[in-house]
Amino acid sequence: MATYKLLLIAGDGIGPEVMGEVKKLIAWINKNGKTRFETEEALAGGACYDAHRVSITDETVARAKNADAIIFGSVGGPKWDKVPYEVRPEAGLLRLRKDLGLFANIRPALCYPALADSSSLKRDVVDGLDIIILRELTGGVYFGEPKTITDLGNGQKRAVDTQVYETYEIERIGRVAFELARKRRNKVTSMEKRNVMKTGVLWHEVMDELHGREFKDVTLEHQLADAGAMQLVRWPKQFDVIVADNLFGDVLSDIAATLTGSLGMLPSASLGEVDSQTKKRRALYEPVHGSAPDIAGKGIANPIAMLASFAMALRYSFGMDAQADLIDAAIAAALAQGLRTADIKSEGAKVVSTSQMGDAIMEELDRLAA
């Protein structure tokens with residue numbers, strides 16, 4: 001029996017609530033499968049700041065590096081708005097991404113058939129939607145230096161964020177995009193702002209060169225990111241894999257939440273390079289929805305993005321595609337019963353709690369696996 005180590009970091013807000021549903025899923029796989037997951041838990045974000053006055057400890061980073069995968073909940077909330085910038089809750093997640101080299105953020109946007117009417121867009125626009133937004137995660141304006149706020153006197157300040165990309169950073173995220181597309185519908189759309197940004201000019205050039213050198217069999221198209229955002233809500237099914245830098249990828253993937261009905265439906269995977277010796281990638285899996293402090297502790301959070309993130313872990317870190325497919329099918333089946341958490345409620349549906357939705361998905365797993 002293969003055994004793997006998972007580091008569970010629930011974080012803040014609704015993180016512990018949705019992580020509780022993942023623990024049920026891990027226990028189910030340990031009981032019913034040929035693979036066993038050993039779990040450890042650690043703090044990050046505001047919870048870690050409250051305990052240690054930092055957003056993540058060196059010990060937790062070391063444990064993350066030794067884990068086969070990290071399952072992450074969420075960080076942040078107004079409680080920590082006034083803490084020093086360098087120890088804000090989000091800094092812990094940014095450090096994990098940087099220290100583990102998690103440069104490729106995969107965010108699928110799937111519209112389950114039962115939720116086609118939950119989107120703010122028309123049914124025919126989103127029904128059957130299956131796209132991926134691939135976001136570069138460790139470069140760009142979020143990490144570029146200098147990053148400063150300078151007091152100019154007379155009540156004036158100047159803020160500076162620096163957008164920086166090098167050829168190798170664009171090549172490696174581009175390579176992931178083309179490889180993903182080869183396993184899907186064989187189309188990549190690269191989005192940047194080459195009309196006003198030098199990093200966009202370089203991004204466009206490197207993507208073209210990589211395509212011509214290694215991936216001529218894959219269709220490549222370019223769009224300016226603002227026009228691409230408009231197309232994403234006009235007719236999203238024209239896309240297969242969208243690849244963008246850190247900032248535009250962040251914005252575009254949140255726009256994709258509109259297509260699926262709720263941020264609570266979007267999972268993600270953050271992957272590093274393949275180790276040349278072990279052939280493994282460091283990886284972190286998390287829902288896109290964030291900490292949602294306004295509903296934390298109420299038991300109404302949608303656990304589906306968290307459960308689907310674990311399914312992505314099975315797929316990308318452990319090669320357990322059949323089990324991942326089973327989880328996706330169980331989620332679809334629970335939704336087809338008319339069960340909804342508050343964020344995706346619709347007329348005639350039964351609104352359920354976080355744990356009730358998790359339990360319903362577990363029951364569907366039992367049924368499908370029988």
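## Salt bridges in a predicted model

Lys 280 is partly exposed, with a relative accessible area of 47%; partly exposed lies between buried (under 20% relative accessible area) and exposed (over 50%), using a 1.4 Å probe and protein chains only. This is a predicted model, in which local features need pLDDT of at least 70, side-chain atom pairs count only at pLDDT 80 or more, and totals for chains, interfaces and linings use all residues. Residues are numbered from 1 along each chain as its sequence is written, and side-chain values use heavy atoms, with hydrogens and water left out.

A search of the whole structure gives 28 salt bridges, a salt bridge being a side-chain nitrogen of Lys or Arg within 4 Å of a carboxyl oxygen of Asp or Glu. The table lists some of them, including the one formed by Lys 280.

| Acidic residue | Basic residue | N to O distance |
|---|---|---|
| Glu 41 | Lys 23 | 3.1 Å |
| Asp 68 | Lys 280 | 3.5 Å |
| Asp 117 | Arg 123 | 3.1 Å |

Asp 68 lies in the loop between helix H3 (58-66) and strand E3 (69-74), and Lys 280 in the loop between strand E11 (267-274) and strand E12 (281-287), so this pair ties together parts that are 212 residues apart in sequence. Helices (H or I, at least four residues) and strands (E, at least two) are DSSP runs, numbered from the N terminus.

Glu 41 forms its salt bridge with Lys 23. Because Glu 41 lies in strand E2 (residues 35-41) and Lys 23 in helix H1 (residues 15-32), the pair ties together parts that are 18 residues apart in sequence. Lys 23 is partly exposed, at 35% relative accessible area.

In the pair of Asp 117 and Arg 123, Asp 117 is exposed at 58%, while Arg 123 is partly exposed at 35%. Elsewhere, Asp 130, Arg 184, Arg 185 and Asp 240 are joined into one network by salt bridges that share partners.
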